[in-house]
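Please keep the sequence and the three-dimensional model side by side while reading. The paragraphs below move from strands to helices and end with a single side chain.

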Amino acid sequence: MKKAIFAGAIAALLSSTAAFAQMDELRIMAPAAPGGGWDQTARTIQSVIQAEGLASNIQVENVAGAGGTIGLQQFVNQSTGDPSATIVGGYVMVGAIIANNAPVTLADVTPIARLTGEYVVVVAPTDSEIENAEDLAEAMRADPGSVTWGGGSAGGVDHIAAGIFAQTADVDPRGLNYIPFSGGGEALAAILGGQVTVGISGYSEFAAQIEAGELKVIGITAPEPQDYVDAPTFVDQGFDVDVQNWRMIAAAPDITEEERAQLTETIRTMSESEAWANELETRGWVNTYLDGEEFQTYLQEEIEATTAILSELGISQ
């Protein structure tokens, strides 16, 4: 009897292993240039899945442009029905689709899972008169145009977070003086050089200057304090700004339910591995894993909320 039970357990294990082994090929599109957040996400997935033996042949392809929408359109046009094709994306892509009136949207792909999240911080030079969120709000109420914000692309998470802050400060978001920069280095130089009043981006973009005492954190867009930065949240300062720059992975359109289930199980197994946890800790990413119907509901809510705020910012139709 014991031998039969043992044999059954071994058979189940082999069956599970075989299911993973069926993924002979996995292709991941990073819809951005090498080195950015989506590229790092795609290559981290690649290395962890290889290390865990969840797929045998894994390739990453970069297709940059227009906040990920160029890559997204190529992915939809060329990968329909292909169970080996995936694409990474996230909050920035949601805004870019709306801002660019993209011909394809996330409704054209098969969402698999939200993987990681990163909150953004608002910073100012240490000698700035702005010390906290209320100081920033008062300056904007007095003269919105005089307060310049330096951040990432128009319609992206930085711009959205700034717009939400304006709303909570009782300032018309359409009056927001937001200056987009193509790269973190350019934004940082503008902040340190006094060309903008405040800067807004992921904490990792400013970490070195914050630790060196060159920049101070006005607030972080998290619902509660974060261990990696000694700074107050906007929520704790009375401003309901809860914005997360999340990243996701999606599959091609028109794959079967069985193919979707297998890919979801592979990504879930990856996310539960020690190798993935180590990568997140090393990179300063927060594990926000979510899949299935819960992720689809979350994604739809994010699209609706982003559409609303971009409309108020005058960016969408």
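Strands, labelled E, are DSSP runs of at least two residues, numbered from the N terminus. In this predicted model, strand E3 covers residues 85-90, and Gly89 is part of that strand. Gly89 has a relative accessible area of 1% and is therefore buried, since the cut-off for burial is under 20%. Its contacts beyond four places in sequence are Trp38, Trp246, Arg247 and Met248. A further distance helps to place Gly89: Thr69 is 20 residues away in sequence, and the two C-alpha atoms are 9.6 Å apart in space.

Strand E3 also belongs to an open sheet of 6 strands, arranged in the order E2-E1-E3-E10-E4-E11 with mixed pairing. At the edges of this sheet are strand E2 (57-62) and strand E11 (286-291), each of which pairs on one side only. On average, and with direction ignored, neighbouring strands of the sheet are turned by 25° against each other. At the E11 edge, strand E4 (residues 110-117) is joined to E11 by 4 bridges, and the two strands run antiparallel. Within this pairing, Thr116 has Asn287 of E11 as its bridge partner.

Another set of pairings centres on strand E8. This strand spans residues 198-202, and 5 of its 5 residues are buried, so E8 is largely enclosed by the rest of the structure. Which strands pair with E8, and in what sense? Strand E5 (residues 120-125) runs antiparallel to E8 and is joined to it by 4 bridges. Strand E6 (residues 148-151), by contrast, pairs with E8 in the parallel sense over 2 bridges. Gly199 of E8 appears in both pairings: Val123 stands opposite Gly199, and Gly150 has Gly199 as its bridge partner.

The helices can be followed from helix H11 (residues 292-312), against which helix H4 (residues 91-99) packs at an angle of about 50°, with the axes 10 Å apart. This angle makes H4 oblique to H11, and H4 passes H11 in a right-handed crossing. On the H4 side, the contact is made by Tyr91, Val94, Gly95, Ile98 and Ala99, while H11 contributes Glu302, Ile303, Thr306, Thr307 and Leu310. Sorted by class, the contact of H4 with H11 consists of 6 nonpolar, 3 polar and 1 charged residues.

Helix H6 (residues 157-168) also packs against H11, here at an angle of about 70° and with the axes 10 Å apart. H6 is therefore roughly perpendicular to H11. Ile160, Gly163, Ile164 and Gln167 of H6 meet Thr306, Ile309, Leu310 and Glu312 of H11. This contact of H6 with H11 comprises 4 nonpolar, 3 polar and 1 charged residues. Thr306 and Leu310 of H11 take part in the contact with H4 and also in the contact with H6.

The last stop is helix H8 (residues 203-211), which contains Gln209. Is Gln209 buried or exposed? Its relative accessible area is 15%, so Gln209 is buried. Leaving aside residues up to four places away in sequence, Gln209 touches Leu188, Leu192, Glu214 and Leu215.

Note on methods. Residues numbered from 1 in each chain as written. Predicted model: local features only at pLDDT ≥ 70, side-chain atom pairs only at ≥ 80, totals over all residues. Heavy atoms only, no water. Buried < 20%, exposed > 50% of the residue type's maximum accessible area, 1.4 Å probe, protein only. Contact = heavy atoms within 4.5 Å. Axes fitted to C-alpha atoms, helices over the stretch in contact; angles between N-to-C directions. Parallel < 35°, antiparallel > 145°, perpendicular 65-115°, else oblique. Left-handed = near helix turned anticlockwise from the far one by under 90°. Nonpolar A, V, L, I, M, F, W, Y, C, P; charged D, E, K, R; others polar. Pairing = 2+ DSSP bridges.
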